[in-house]
Amino acid sequence: MEQYLAGLEQTLQQVLFSNDSNQIKEATKALSTQYFASAECVPALVHIIQTSAQKEIRQLAAVELRKQVSTWWANLEESVRTNVKAKLLEIILSEPESLPRHSTARVIATVGRVEIPNNTWSELVAFLFQCSSSANAGHREVGVYVIYAIFEVTDAFADNLRQLLELFSRTIVDPESQVVRTTTVQALGKMADFIEEDQKDEIAMFSELVPHMVNVLQQCLSESDEESAAKCFDVFDTLLLLEIPILSKHVQNLIQFFLNIGGNTSYEPSMRVQGLSFLMWAIVYKKTKIQRLKLVTPMIQALMPIAAEEEPEDSDEDSPARLAFKVINTLATNLPPQQVFPVALEGILAYMQNPDALYRKAAMVTLAVLVEGSVDFIRPKFNDLLLVVCAGLQDPEANVRRAACMALGSFAEEFDQEVAENHATLLPLVFNLMNEPTPEITKQACNALDAILEGLGDNILQYLPVLMEKLMHMLDHAQGETRAVVVAAIGSAAHASGSEFTPYFAEVMKRLQHFMSVHASEEDLMLRAVSTDALGAIAEAVGKAAFTPYLNDLMNLAMEGLSLDNTRLRECGYYFFAAISRVFEADFAPYLAAIVPQLINSCQLDENSTRVDNNETEDLDDIDADDEDELNYVFKSAIADEKEVAADAIGELFQHTRSAFLPYVESSVKELINLTSHMSDGVRKASCGALFNFLRTFYNLSKSADWKAGLPVAVPLHDNVAQLNTLVMPAILQVWEDEDDKMVVVQVLQEMVETVKLCGPGIVAENMQTIAEHLNLIFEKKAYCQQELADDEGLLDEDEQAEFDGLLITSASDLVGALAAALGESFVPYAKVFIPHIAKYYKKSKPTSERSMAVGSLGEVAAGMGAAVTEFTETLFPIFVKGLNDEEDEVRSNAAYAIGSLCQNTTIDISSQYPALLTALYPLFQGQNLVNTTDNACGAVARMIMAHPSAVPLEQVLPVFVQALPLKRDFEENEPVYKLIFSLIRTQNAWIFNNLTQLLTIFAAVLPKEDELKAPTRAEMIEMIKALNQQFPALNIGASPLSVYLQ
């Protein structure tokens, strides 16, 4: 045994201290094959820990002992186990160094994981309570630390929680040792995982300790003990995530405490950042309590001065100011904008008047981060806020101008239409900033330009020559990141200008084709990636014929880029392939054999990489060997981003190459279903979207007969579609049920709406009950992704909600409308549940977006259910009438569609209400700000006339009706409009016959536009023109633009 011990210790020495890598490998191999191949290694390692003079050897021996205990403990004789347990307790009391002591504590925890549940180590519990209550501070440290270590790996103390909480109530106020106090906080953090919701007494006892935990963190900060403070911060972050209400009654004090930490400039920036990070997670997980306590205003007022501090030059480095912006953004995206934006705006306007440029910069960045969650709330104030941004763009200080570019970029992303309308003001300002000598401003100006161009549409054409001259000059002279930003802006210019980009195509290609081949540095790879992405947009702009000569070379360069081990380059390669498939469709098929395996490979990447540490440290948890493979990983978000893009691309390639992709469907679906349970919300969204895309593409390939509304299904799905649906729909519904991220559920709902509209009732028939149950949970705010909407006092009874919460309700309502259309009269039992849910969102106290959603969705239900809507007429009619008189254009527009659909489908005679309805509809024909308002009013009048022709004074109504034609935006309404007109022509209505020339002019305007008329309506219109030509030669149709339709 002595020889074995000496050899083992010498081998450990070689592992730790040798400078020869081969010798280290040999020693490591010897440990595994010689020394750790039998149970005798356990008492041997205990002996080394107890006797070695070198703390490093004791440390390594303890680390290895924990692993070997997991392997060999059951093989040891009872007497040996008893001896080892006794010696471990001796060692931990006598060990003077913290690292070996902590590692030994984890050995005790690993042994305790087995022995405590078996009641074979009763001495341990007594030992720990004795140590933790000892008069010796060192012993107290040992006792509490071992309890902490045990909680890390096992629930063995789950039956002792009350006694331990009593013990911790003493150790957390230890009069001598900060280590005891801090370790108590850590132990409490681990203990909390084992407290169940029904353990009310334990929850109350724990909650009483929270102020003491705050005091411990405050002491750590006051003493500049950053290491201990970091441990306490981690515990508070952990407690936020728990469903048990440990922190509930302390939220107000905690928010104030952490705000004070964030704002205290005497603390180290890293400590302030952790304090602000707690606030960010508190907003997410305690949002209802924050609203209930009305803490939003004091939070914003405390955060904005922090936001006005200096930021470090390194853009990747966290700082208090940057965290303050993140917290404000979290407030904006998680809480009702009515509670966040007005307070922040007050600060923004005040800061813009401050002579200190840092305050003005803070104002601009705050505005930029507020936009995301406040879009609908901001929209009525857009013009006033744009003036503030324009002032920032012209500020004398460079850092303010740069921040204003960020704000403008945020505006352009969310308010593309409004920004486009202000192009004459904004683009000259942006062009001026692009001329500045400061690279950071040039880069941000190009970013803002890029965002503006995305939504500019035809407005770009007047600027295109100047814009392209400027961008090409910058491309030839810019350096570093700016050049990549310029390339992105050129891609956006191509996207906005379409075929008008063709004159610039050749010159741009010369440069970008070269950029697609560079790879000498990280900067080159970024430029190559952005150029690859931009060329996809350019291909879509100039079209197949112009791009074909370059296709093979660029595809080869893009494929080569996939092999350069750069995730961003692979992402942009996948964007490029998707864009090219949209342009070349079936002609893209020859490339699939090379590309699809790459996409599948990206989907299969393992974003977990083993973290290797030769020496255990206090910061690295020494976890149990059974859990090591699962837990000892670092998540790589870049690979998750790559998977997200790959999943999107797979969906697009199938959609556009269609039957050529069929050999890859099975393997692709398998990977996409696997990704629906991925840890990244972006990957889950993309995989769900791609799976729905597969269903729609299969349906289009099947060339099925048009579906018919109702259950049971009258027109079955094609076998291929049905078979795929049995794989896809259960996976999607599982995501929906388990999902904690609202935006993933929103994606599922929106994709399901599109799929149900295309594929009909067959796609949901087998799962309709589950879908209805999931929808009902959303309306009742009880879905898993809505869990933070309630606290220990229940749901907030407020009309205000965060815009993302509202988007979830809107998407659920859209699905209700789509299901009503697919199920028709079979939707009645579901309508009884959903109509009351949706109807409650139409009341004056609700924001415009929710009132509009409610009326629009109920209108879709009225349209989709056909005559079955009759029993709901008394509920729906007053809502729609109120909507016609709403103060907002959007609501009135939806109400017009809704009332028309109800009049058309209900079998109750409501013609007595026509005079009042026509009076309410008449103003919608006069100068509306929202063009589709008049379109929907036309559709409503057409439906009313067809339902009860005698109830409408046609001689008075038709002149107003026809004057509003052709429709401007909502071309779905062309169906009832022309159905009515054709009917009136056939019945020889006098007013129509006297105004045929006006009608023929309208026909001439709509017939050339492929997207405005459905094929049957177009065909019927052409037949009508032919008939009128024969019946009324004097109309001289043969000499008019309509002559082409007479053949």
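**Close-up 1. Length and bend of helix α28.** The expected span of a helix is 1.5 Å times one less than its number of residues. In this predicted model, helix α28 covers residues 502-515, and its 14 residues reach 20 Å from the first C-alpha to the last, close to the 20 Å expected at 1.5 Å a residue. The helix α28 also bends, by about 40°, at V508.

**Close-up 2. Buried residues of helix α28 and the helices they pack against.** V508, the residue at which α28 bends by about 40°, is itself buried, as are F505, M509, L512 and F515 of this helix. The buried residues of α28 pack against four helices, namely α26 (464-477), α27 (480-497), α29 (522-542) and α30 (544-562).

**Close-up 3. Cysteines C446 and C938.** With a disulfide taken as a pair of cysteine sulfur atoms within 2.5 Å, the count for the model comes to zero. C446 is in no disulfide, the nearest cysteine sulfur being that of C405, 9.1 Å away; C446 counts as buried because its relative accessibility is 0%. C938 is likewise in no disulfide, and the nearest cysteine sulfur, which belongs to C903, is 15 Å away; C938 also counts as buried, because its relative accessibility is 0%.

**Close-up 4. Segments annotated as HEAT repeats.** An unreviewed UniProt entry places the feature "repeat: HEAT" at residues 164-202, 385-423, 426-464 and 876-914. Residues 164-202 are 64% helix and 0% strand, with their end C-alpha atoms 10 Å apart, while residues 426-464 are 67% helix and 0% strand, with their end C-alpha atoms 15 Å apart.

How values were computed: Residues are numbered from 1 along each chain as its sequence is written. This is a predicted model: local features need pLDDT of at least 70, side-chain atom pairs count only at pLDDT 80 or more; totals for chains, interfaces and linings use all residues. Side-chain values use heavy atoms; hydrogens and water are left out. Buried means under 20% relative accessible area, exposed over 50%, partly exposed in between (1.4 Å probe, protein chains only). Helices (H or I, at least four residues) and strands (E, at least two) are DSSP runs, numbered from the N terminus. The bend at a residue is the angle between axes fitted to the seven residues ending there and the seven starting there. Contact means heavy atoms within 4.5 Å. UniProt positions are given in the numbering used here, feature names are shortened, and annotations may be inferred rather than shown by experiment.
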